Amino acid sequence: GRVASGSLEISGITKRFKGLRALDDVTLSVAPGEIRGIVGPNGSGKTTLFNVISGIYTTGGGTASFSGRPLIGQRPHQLSRQGMSRTFQNLRLFGQMTVEENLLVALDRTPMRSAWQYVVWPIGIWRHERRLRRAAAELLDRFGLTDFADAAPRSLPYGIQRRVELARAMAAEPSLLLLDEPAAGLNGQEVGQLREIVRSIRDSGVTVVLIEHNMGLVMSLCDRVTVLASGRVIAEGTPAEVAVQPEVIEAYLGD
Ligand code: ADP
């Protein structure tokens, strides 16, 4: 049958760095429209898992698929074209551009236009630019960034910069959004806003997988949580289910 877009299936994935097994036989399945939390102590393999999912790392065994398509061996830009979008732990915005320009760059997925095209079909180009500006305006509005459209990202409070990064990730209209510690550096109020934004993203039909250390956010936001320790999945379930498992409590206290 047809696999809904945004689904993620990972089966028996192992990733070694020299002798170390950063991921050891990891299996997990994320349903379309789910918000999945990935938690675990430092060094448990969370970032490595994201790097495998997004095509940055190849693996030493196992299979994986995204929206029903084989994932392993695909490059990050190919996965991105198929609807996978990602934010990073450290902000990666273009510092020389305004907030709006950062979004326009992400929205404009058409190949570079030659000067010749401007000569033969200027109205087409003009229409294209107008469509991009409208899409940028919608994103700015949706993420509460309209007032900051012309600002340089770095001049803005950190919580707003994080929102710009989310908006940029959403510009590609992904079916799967990977968030690497989205609450890092946010204050309590900003975490609350982030929770609402991620919910609205999911409500628009996007699957969300997030690595997060803020347990309050994980527990209040995620449908299911996968717990990693030493590269292995040690627990999985609803937030309420995993929170009471002895292995989970031990893994955190042992960190
Ligand atoms: P987490 O994101 O949960 O903190 P990581 O995925 O970053 O964990 O790391 C898992 C393990 O793999 C750690 O022991 C880490 O030192 C190791 N590791 C991660 N990336 C590399 C790398 N590029 N080269 C060698 N070892 C790595």
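This passage describes two open sheets and the helices that pack against them in a predicted model.

In the predicted model, one open sheet is built from 6 strands, arranged in the order β6-β7-β8-β3-β9-β10, and its pairing is mixed. The edges of this sheet are occupied by β6 (84-87) and β10 (232-237); each has a single partner strand, so one side of each is left without a neighbour in the sheet. From one strand to the next, the twist averages 15 degrees.

Within this sheet, strand β3 (residues 35-39) is paired with strand β9 (residues 224-229) in the parallel sense, over 4 bridges. In this pair, I38 stands opposite T226 of β9. Helix α6 (residues 158-171) packs on the sheet, where it touches β6 and β7 (176-180). The direction of helix α6 makes about 165 degrees with that of β6. Helix α7 (residues 188-203) also packs on the sheet and touches β3, β7 and β8 (207-211). The direction of helix α7 makes about 145 degrees with that of β8.

Another open sheet consists of 4 strands in the order β2-β1-β4-β5, and its pairing is antiparallel. Here β2 (20-30) and β5 (69-70) stand at the edges; because each has a single partner strand, one side of each is left without a neighbour in the sheet. Strand β1 (residues 8-17) is joined to β2 by 7 bridges, and the two strands run antiparallel. E9 has S29, in β2, as its bridge partner. Helix α1 (residues 46-53) lies across β1 and β2 and runs at about 65 degrees to β2.

Key: Residues are numbered from 1 along each chain as its sequence is written. This is a predicted model: local features need pLDDT of at least 70, side-chain atom pairs count only at pLDDT 80 or more; totals for chains, interfaces and linings use all residues. Two strands pair if DSSP finds at least two bridges between them. Axes are lines fitted to C-alpha atoms, for helices over the stretch in contact, and angles run from 0 to 180 degrees between N-to-C directions. Two residues are in contact if their C-beta atoms, placed from the backbone, lie within 7 Å.
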